[in-house]
Amino acid sequence: MYLLLLSVLVVALDQLTKYYVVHNFSLGESVPVIENIFHWTYILNPGAAFGMFEGSRWIFVFIAISVIAALVYYKKEIMESDWWTRYGVALFVGGAFGNVIDRIRQGLVIDFFDFRIWPVFNVADIAICCGVGMIIWSIMTTDVLSKKE
């Protein structure tokens, strides 16, 4: 139940922040929070991470929904996994669903966190990256522990 709640919270935070940006910024507008370090920059991303594979809207929707469906199918195995995997999957699902909502609704993903040395991203992207990182950490530490035994 906590994992579902975490996923729902990620989607809610993602959509609320995107709503705020859309209703308070003009497309392309960039507002410095810390000059030349961190800005709020409202862009629409037509592709995947870093704008790659532009124009593949329905492929991304299909992939995201397929991955979420596979995770639901393997729910029992995931729930028997360690903390890192369970919470990593919950973050990943919330982030994927947050970006899928944008893709279905408008064909583009709303991005706004701009650190100037990295492509602009959003809350869903953070959740996806953290979730995948946690799953990889779990796999790596499990492999290391099993090799020690």
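**Group meeting: one chain, from fold to salt bridges**

Reading along the sequence, we get α-β-β-α-α-α-β-α. That comes to five helices and three strands. Keep in mind that this is a predicted model.

Some totals for the chain. There are 149 residues, and 37% of them are buried. The exposed area is about 9400 Å², with 72% of it supplied by carbon and sulfur atoms. Now contacts. Take those between residues at least 6 apart in sequence: 65% join residues at least 24 apart.

Next, helix α1. It covers residues 2-24, which is 23 residues. Does the length come out as expected or not? At 1.5 Å a residue, α1 should span 33 Å, and its end C-alpha atoms are 32 Å apart, so the two agree. Several α1 residues are buried, among them Leu 3, Val 10, Val 11 and Val 21. The buried list also includes polar and charged names: Ser 7, Gln 15, Asp 14 and Lys 18.

Stay with those last two. Asp 14 and Lys 18 form a salt bridge through their side chains, 2.8 Å from N to O. Why can they pair within one helix? They sit four residues apart in α1, so about one helical turn separates them. In general, an α-helix has 3.6 residues a turn, so residues three or four places apart point the same way. Both partners are buried.

How many salt bridges are there in the whole structure? Four. Another one pairs Glu 80 with Lys 76, at 3.6 Å. Here both residues are exposed. Then there is Arg 116 with Asp 114, at 3.5 Å. This pair is mixed: Arg 116 is partly exposed at 41% relative accessibility, while Asp 114 is buried at 7%. Shared partners also give a network, made of Asp 14, Lys 18 and Asp 102.

On to the surface. Val 33, Ile 34, Ile 37, Phe 115, Ile 117 and Trp 118 make a nonpolar patch of about 660 Å². Val 33 belongs to strand β1, residues 30-34. Its relative accessibility is 48%, so Val 33 counts as partly exposed.

Last item: cysteines. How many disulfides does the search find? Zero. Look at Cys 129 and Cys 130. The sulfur of Cys 129 has its closest cysteine sulfur in Cys 130, 7.0 Å away, and that is too far for a bond. The cut-off is 2.5 Å. Cys 129 is exposed at 57% relative accessibility. Cys 130 is partly exposed at 40%.

Definitions and conventions: Residues are numbered from 1 along each chain as its sequence is written. This is a predicted model: local features need pLDDT of at least 70, side-chain atom pairs count only at pLDDT 80 or more; totals for chains, interfaces and linings use all residues. Side-chain values use heavy atoms; hydrogens and water are left out. Buried means under 20% relative accessible area, exposed over 50%, partly exposed in between (1.4 Å probe, protein chains only). Helices (H or I, at least four residues) and strands (E, at least two) are DSSP runs, numbered from the N terminus. The expected span of a helix is 1.5 Å times one less than its number of residues. Patches are made of residues with over 30% relative accessible area and no salt bridge: like charges are joined within 9 Å, nonpolar side chains (Val, Leu, Ile, Met, Phe, Trp, Tyr) within 5 Å. Accessible areas come from the Shrake-Rupley method with a 1.4 Å probe; for residues, only the protein chains shown count as cover. Contact means heavy atoms within 4.5 Å.
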